[in-house]
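Subject: A structure for you to look at

Hi,

Here is the structure I promised to pass on. Have a look at it first, and then read my notes below.

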Amino acid sequence: MMGWHGHGFGGGGGWRGMGGRMGALDEEGELGAFYNHRVVSRLITYIMPHKGLAILSLLTMLITTATIVVQPWIIKLSIDELVDAPSRGDVGALAFVMGLFVANICVRFVANYMYQTTLARVSQGVLYTLRSRIFAHLQRLSTSFYDKNEVGRIMSRGQNDVNQLQEFLNLVISSLADMLSLFGIILAMFLLDVQLALITLTVVPVLIGIMVVWQRIAWGTFMRVRQAIAIVNANLQENISGVRVVQALNREETNMRRFDQVNNGHLDANLHASRLSAALMPTVEILTAVAIGLVVVFGGSMAINGTMEVSVIVAFALYVQRFFDPIRNLTMQYTQFQRAMTSGVRIFALLDTPVEVADKKDAVELPPVRGDVALDDVRFHYVPDVEVVRGVSLDVKAGETVALVGETGAGKTTLVALLNRFYDVTGGRITIDGYDLRDVTQDSLARQTAMVLQEPFLFSGSIRDNIAYNHAEAPLETVEEAARAVGAHEFIMKLPEGYDTPVSERGQSLSVGQRQLISFARALLADPRILVLDEATANIDSYSESLIQQALTEVFKDRTSFVIAHRLSTIRNADRIVVLGHGQVLEQGTHDSLMSAGGAYANLYNAYFAAGAGVREEAGG
Amino acid sequence: MRGMRILLRILGLAWRRPRHMTSAYVALIASSGFALVVPRLLGNTVDEVLRGGNFSEVVQLALLILLVSAGRGVFAYGQTYLSEWTGQLVAYDLRNSIFNKLQRLSFSYHDGQQTGDQMSRATADVEAIRNFVQGGLLRALNIFILVFGAAGLLFFLNWRLALVGLLFVPIVAYRSAVVSLSLREVWTYILRVTGKMTTVMQENLAGARVVRAFGAQEHEKQKFDVVITDLAESHLKANRRQVFNSSFIQIMFGAATVAILWFGGMEIVNGRLTPGELTQFIFYLGLIQGPVRMSGMILNNFSRAVSAGQRIFEVLDSPSPVADKEGAVPVERVKGHVRFEDVSFAYAKEPVLDHVSFEAEPGQVVALLGMPGSGKTTVVHLLPRFYDATDGRVTIDGMDTRDFTLESLRRNIGIAMQDVFLFSATMADNIAYGRPGTTREEVERAAKIAQLHDFIVSQPDGYETWIGERGITLSGGQRQRLAIARTVLLDPPVLVLDDSTSSVDASTEHLLRTALTEVMRGRTTFVIAHRLSTVRSADVILVLDEGRIAEQGRHDELVERDGLYRKLYELQLLPAEPTIDQLAADSGKGVRP
């Protein structure tokens, strides 16, 4: 599902879009080099933990290949016996040859089974490690990474590219097997008869030449197929997730027509590709026939002259039949190799994305804190020279509720993101109970902080799972208690399965307000020392908001809270109001002190009465 | 058997192109036929040489081999190309059908589905069927012809030896069938686990901020680890069964070769067989070895295709409760007289609306009010038939909405909802989404009415600015105004709005309000209301309570009555204090220093 229109950039206010392109994943070209040493050597480090199995796999593969190459030879031996048999009337020697054959079969069975299963274990092991490392790395990456990369693009690396590598691993081994059997067959031919071997093998350079030319031609076509499927998938994705809008706007017909076009393009590209790949069939077929013809003509005349056993002809014919498959496989795998290399480059680029916010080497566990938060000349910029937070100093006592007020772009959202250490400050410092945020482990910090964001996000699972997120051990009573405290209990109990009601994707079955109530309950259950509400009530209906308003006192009790809100009542009740403007603190204090100071806040508040009258007027008229 | 039915349906899809299929089969039969001749020629060579025959005979045989192989090659080309063609056409048809079906299926279907799962049906599952059609369906016949052709020829040559040599074919066939059945289970399971892995990852990425805010990375890693461990183990399980099966086929083939050599040897000793004929046997066995070995793969393809087919047909067979009735009429432009007559609606047997009746005259504004879950959204969703009423009827201009064609009904109703979906396209295309091909002037006019024009032209690319997946991000207020612009462009006589977003900053708030007032003019409008100003100016207020209309009337009447409206009014509407930013804007003095 790679993108097909090349540009993308963030925009708007807050932390989105200010990030520039640093840390964004580059889109590599679709197909790169055939062999990339860095990718291969990194892959090998993933195989190393399975060294024993890998070696076993290689060994058994070697044995399997050997048994396969030897078979025509055994058949030759038995024919040798049989040509003489009617005159001798003795089958003892034949019995011996048959014994060899049976042994060959048995060895092959065991070796092949072991080779295939160990190979699968190695490749599944590598895949597992890759997936798990990618996922773990994604957990460590800071939020700025997610500002710059869409979920779809990251997903495609975590899934499609990993699958490409899976095929690649199998391919490497099977190509190795192909090359070995090729080598084995050539060796066997030369051992049987040097002259006939040389004659027969004249076909090979011709075949290789044709394959190389074919590969050149096919390359572009296969690339077109890949691009076409990406377009089809992007189209599907969008129209499935946006289906409600599509129907509301009556767009079905147009979309079907457009999809048909895209689908048709994909079909064309594929048909072109299959015309090319099918063309290999007659080529190989005819060359095989030429080789067999050479064996028949030259071998036959030698046999008639008595300079060759007839069994050698049979063995040669059998070898020629087995000869072309490996060559054909190797050519077909060329594109797959390139693709896997590209995937490898992309996966390792993801794994190498620097973690911007990382634990220091000597980071300590943040012990249970009281919740004194101090900001000391905090500065921050997403892009150098464009400071968003310009020297903010605050001293917040444990248990205080701080309301952050200011226009869009004043730096409120950035400031609370810094508090949670979504980003590291670029100047000054933030401390909790005297601990600099950068000196403690992120994990221990996160355990004592919680955040409710503007867009509620629920995970698939039950409502209970969502409230007890990251606290799976919490008993139902605790979950209910949290839900009651924010006024969510009532509507949850009305749902068909109560707390066990599953939440579907993006919580379609629940209203935005209900989803937000659940995320409030989640924050409360986490019982953080420091709580941040970032416009948490901006998107919800007024009924849910009134429920939350009532619950806020409960929520704020005994913890340090930072609130970005727009309702005056929430702001007025805060212990301290901080008015921000252009990344700086304009004024701060309680409602009363700010009122008497007669600054920006007082102006705002006084305007309230005037505006209130305005609203009444408007409503009346 | 369900597997059989699915197979037949897939066959039916392939046979929709009888010409392709027939030519593919003809090419296949011809190429298999030619293939069957070569071992015979090789056997003849051996006998010729042993007889001490002459050189020209041998050359003749060599030329014949070349000729036959060339014929085989040409037909093999035809067969490969035609079968790929058929497979691609089936995939093309399926993708189109799935897409069209999903576009048509009503909301009640989509409510229960996950995007990722739908995607994998339309991609991975379609691919599995394509693989089967192109690799399995035709190759199966190939195997059939080669095996039975070779068997027939061998029986003709020496029936005793043929019997010995071909004993393994039924055994292999039986084994493969057993393995195929057990593999199908594993594959279905693997598909499910893969879907789960996608979901976990997708959610983790989309909710990255929440995961971090709660320090739940370890928890998420564990969740993911469980799934990928399961995935790896299931893959290994499938692999073990598959490999055992293929190894088994090989061993059977080896045993057959031994048997032929041994008993053939006896026959030669007894003078009933020539070495050349024995060579034929060996080459025929070689000829069917490939296809028989491939039969394991085909069975695997088949199992995959059956589970994939099941998932695809599930989508294609889902009935859409909301569809055009027979004899539905397209209606041009309605006046906008909307009536709900005793309408009830149940969602998955859960009653949501209970005998709701009301009426809206053309041009009136109807405000819907009530607690979450009281049925406000459902009422407006019934208008464009996103769902159908389970009882009672909804009429527009006196005509049952179910007698309209869906297309014409929805053309008459514009909806601007809370969840605004942006398509990855330009700003202009997103606005003109409901009416592609609209002129730029009209798009701009709509954007101006929706108060979005100024923002758009402030962007470097103006109306050509990309939004959605890979473009710029819009704020909540901007998204909502975009939804309004979309609706304005459609110019519907009936309008549904949701004014719930108490938007972020003052200027947006003001813009939105202006836009809404502008848009409502001259249309029958339904508003899911959260603002005092909206409710007060409404012609009809419907107060919903647990799916029933508790009260209806105008603001003045309702506020007098000491009912639910009064309660809601006090609870949620009265503290409709302006936001602090709004005050800043209204007083004309920003919070700037």
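Let's start with a short helix, H6 (residues 159–166) of chain B, whose buried residues are Leu161(B), Ala162(B), Gly165(B) and Leu166(B). Here a helix is a DSSP run of H or I with at least four residues, a strand is a run of E with at least two, and both are numbered from the N terminus. A residue is called buried if 20 or more other C-beta atoms lie within 10 Å of its own, exposed if 12 or fewer do, and partly exposed in between, with C-beta atoms placed from the backbone. Looking down the axis of H6(B), you will see these buried residues fall within an arc of 115°, so they line one face of the helix. (The arc is that of the directions from the helix axis to the C-beta atoms.) It helps to remember that an α-helix has 3.6 residues a turn, so residues three or four places apart point the same way.

Before you go further, please note that this is a predicted model: local features need pLDDT of at least 70, side-chain atom pairs count only at pLDDT 80 or more, and totals for chains, interfaces and linings use all residues. Residues are numbered from 1 along each chain as its sequence is written, while chains are lettered from A and ligands numbered from 1 in the order in which they are written.

Now to chain B as a whole. Its secondary structure comes to 21 helices and 12 strands. The radius of gyration of chain B is 35 Å, well over the 25 Å that the globule rule gives for 593 residues, so chain B is more spread out than a compact globule. That radius is taken over C-alpha atoms, and the rule is 2.2 Å times the number of residues to the power 0.38. Along the principal axes, the C-alpha atoms of chain B fill a box of roughly 120 × 60 × 50 Å. Of the 593 residues in chain B, 54% are buried.

Next, the helices that pair up between the chains. Helix H3 (residues 92–140) of chain A packs with helix H9 (residues 217–269) of chain B at an angle of about 165°, their axes being 9 Å apart. Axes are lines fitted to C-alpha atoms, for helices over the stretch in contact, and angles run from 0 to 180 degrees between N-to-C directions. That makes H3(A) roughly antiparallel to H9(B); angles over 145 degrees count as roughly antiparallel, under 35 as roughly parallel, 65 to 115 as roughly perpendicular and the rest as oblique. By class, their contact has 23 nonpolar, 15 polar and 7 charged residues. (Ala, Val, Leu, Ile, Met, Phe, Trp, Tyr, Cys and Pro count as nonpolar, Asp, Glu, Lys and Arg as charged, and the others, Gly among them, as polar.)

Helix H9 (residues 252–278) of chain A and helix H3 (residues 55–104) of chain B also pack at about 165°, with axes 9 Å apart. The contact of H9(A) with H3(B) has 10 nonpolar, 9 polar and 6 charged residues.

Finally, which sign does phi of Asn470(A) have? Phi of Asn470(A) is near 65°, a positive value in a residue other than glycine. Asn470(A) sits in the loop between helices H14 (463–467) and H15 (476–485) of chain A, and is buried, with 20 other C-beta atoms within 10 Å.

Enjoy exploring!
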